[in-house]
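Colleague: Could you take a close look at one helix for me, and then walk me through a couple of other spots you find worth a visit?

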Amino acid sequence: MEVLKFGGTSVGNSSNITKVIQILEAYSQKSKVICIVSAIGGITNKLQRAGELAQQKDEAYISEFETIKAVHFKIVSDLIHQPDKVNAYLEEEFNYLRNLLDGIYLINELTPKTSDKLLSIGELLSSFVITEIIKEKNVDVVRKNSQELIVTNSNFTRAQINVLASQKNIREYFKNSHKLTILPGFVAKSHLGEITTLGRGGSDFTASIVAAALKVKRLEIWTDVSGMFTANPKLVKQAVPIEVLSYQEAMELSHFGAKVLFPPTVQPALDAEIPILIKNTLKPEDKGTLIKNHSNTSKNSVSGITSINHIALLTLQGNGMVGIPGFSKRLFEVLALEKINVIFITQASSEHSICIGISESDAQKAEAAINENFEYEITSRKIKPIIVEKNLSIVALVGDNMKNHQGISGKMFSALGQNNINVRAIAQGASEKNISAVINHNDVKKALNSLHEKFFEDHTKQLNVFITGVGNVGQRLLSQIDQQRKYLKSELRINLRVIGISNSKLMYFDDEGIDLKHWKKDLEEGQKASLHGFLEEVNLLNKRNSIFIDITASQEVSEMYAEYLKRSISVIACNKIACASDFENYKKLKDLSKQYNASFLFETNVGAGLPIIDTLNNLVASGDKVTSIQAVLSGSLNFVFNNFNDSTKFYDVVKQAQQEGFTEPDPRIDLSGVDVARKILILARESGYKMNLEDIENDSFLTQSNLESDTVDDFFNTLIQDETHFQNLYSSAQTNNAQLKYVAEFNNGKAKVGLKEIPQGHPFYNLEGKDNIVMFYSKRYPEQPIIVKGAGAGADVTASGLFADIIRVSNK
């Protein structure tokens, strides 16, 4: 004997019902089958709605009635070739339904007893229609009304089953059964013959009772998903079906929001030790999830991650509670009298407070009742009025094997903390099958994904990137990410996604990741850009492991870093302004990075893609002290002076550097030495010295007219006018058999930048093209410095430096 139950979505339309019948035909060829069906998808809610409208004297109940009727007649029309008798029966049933609704409308009352009569119609209709469809296929099928088998008390809408009487009826009836028997789920009758229903999950309950009574080998519950998943697949795309669960694990997951099962429905099967198989009607070939007495097969410490939304956290606290027995008893008695279910409990060992989680819909009632009951203690200041927090959710790890693994709680709260998810309360039973945490409702998706990544995804880390500035360097970075994505995933276990991009005019976001082959077109169709609007969208998306990347030269963008860091969003800056700003601002950003566990990286501030800052950081971290830095830090200026000679014009070389992207759009930033001064300032600060930009001596090689130019065009005009000045600089270097290099120096806490004539034999002499070179002298390297040398400018190498910082964030 096989017992199969099909839920509302499984019988939600003609196409799905056809799949159900194919499954039943295949099963019935091998053995006898009992099939329990729910109402057609959505019908129970429509019946409830129609009843409520009728009670409210709203004639819209007639429209709901007509919709319910049309759904059933449509299925009959689609699937039954000779529908006359079926339609005639349905007309009688819908006449009964209409009369029932009209009665509710007339007397303006919908009692629990009448509600059960109303809602039971859904299952009675679906079971009839499905039976009639199967009959046309010449299958030995019969419909048996479950109301003649399941006996309950008269607690309408949530009737309690008389197990002994019900099992006796079931066993008696199925002594001699047909090949296929269709039963309506959810419905029953009291011992007085009154129509009752079994409440939420009632069809599963019917199936479980039948399976337990007949002691079948397995109960199959067919739904619209391929079993119970490691997390809600609608929120966690990487979630996968769990092949095997224990009863206890299934109960925990069901209680905490996994919609496949309702916990009480598992109990009859659990008591009879009958395995339950969850299958997908739409994908019958999928394995599904087998729930049995002991799973014993899971290699993971955690079996699943789940959540409950719309939670209110109530806190009773006060010094008057300490050492006084009875507070907990009174608190829970008050809630019990108000019929409020407690979902979550935690109490500090100091006895100073008790926290409970309840449904948000019960919060107001609970608050009033508790404050009333404890009025004396509140008035006498022994305790405070109950504190109510709303807009919360519970996330929970579930697994039988958690008790055998150390550090599960640590990994859980580490993952949440790294993503700025604040935990309001924690609960863990001594059985260690469940660890629960109360968090802000807005953080649920991020929390579930962070935890799933930590416990289930082969240590693959998802990084979600938001880029401001998609000009020359930004485009190259997007191209490199697109090119390397597969490698990152297979070799480095990094799932790198670009979620948001912005230029000065438009911004575009895609929750599932932007297609980097068509990002330009997507950006053209984006919304109007604003710095605060970009931050707000990043905040609303609330992605785990988020990274904000600034590839602009904007002061305004750099002033947004603190807001990102405060939200535990890592910041990668190509823009030098923040790190070269006032020391207090620089320090504030570094401190925020530590406080909120968010990386603040700016490798490309100095030397583009060269690992200059990384090398310096490693020296300092290892306990070494930098005493001196000698460097050529401007690839732009190096390019200019390597290409300038007595046969070229200084204007032409600078213009070429601008056009090839070796300088900023405003080359005055590079040629004035300010850019180099910012770079040596950043290196000095990263070496541990407190210094500001004005502390750096800048010996500019530009003329006064160059420095005083108002616009970029004016600047270029002054370069033409002052050509003799630049030729004299070149001539002096040639006379001294030297090369012109713009050098940055840091010695004993002081720094300066300026143009120097570098003699032959010096490490800077043969520096070519746009190369940079940095020499670090330290206590450990007093004579032979550590030298970092290579291309220090250009879009590709700068983009690769940003890419390297992204990898560093992942490795944190």
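Modeller: On one side of helix α6, L164 and K168 are exposed. This is a predicted model, so please read everything here as computed. The other side of α6, which spans residues 163-173, holds the buried residues S166, Q167 and I170. These three sit on the same side of the helix because they cover an arc of only 95° around its axis. That fits a general rule: an α-helix has 3.6 residues a turn, so residues three or four places apart point the same way. As for what lies over the buried residues of α6, the cover includes β4 (151-152) and α7 (202-214).

For a buried residue in a strand, turn to I435, which is placed in β17 (residues 434-440). I435 counts as buried because its relative accessibility is 2%, and the cut-off for that is under 20%. Leaving out residues up to four places away in sequence, I435 touches V395, A396, L397, M402, I408, S409, M412, F413, A427 and Q428. Of these contacts, take V395: it is 40 residues from I435 in sequence, yet the two C-alpha atoms are 8.4 Å apart in space.

Finally, have a look at the second largest pocket, with its volume of about 760 Å³. Its lining counts 36 residues, and V473, C574, K576, T663 and E664 lie nearest the centre. Helices that each supply at least two lining residues include α15 (472-491), α25 (674-686) and α29 (795-811). By type, the lining divides into twelve nonpolar, 17 polar and seven charged residues.

How values were computed:
Residues numbered from 1 in each chain as written. Predicted model: local features only at pLDDT ≥ 70, side-chain atom pairs only at ≥ 80, totals over all residues. Heavy atoms only, no water. Helix = DSSP H or I, 4+ residues; strand = E, 2+ residues; numbered from the N terminus. Buried < 20%, exposed > 50% of the residue type's maximum accessible area, 1.4 Å probe, protein only. Contact = heavy atoms within 4.5 Å. Arc of directions from axis to C-beta. 1 Å grid on protein atoms, 1.4 Å probe; cavity = no way out; pocket = protein on both sides within 12 Å on 5 of 7 lines; lining within 4 Å. Points joined across faces, edges and corners; volume = space filled by probe spheres on them. Nonpolar A, V, L, I, M, F, W, Y, C, P; charged D, E, K, R; others polar.
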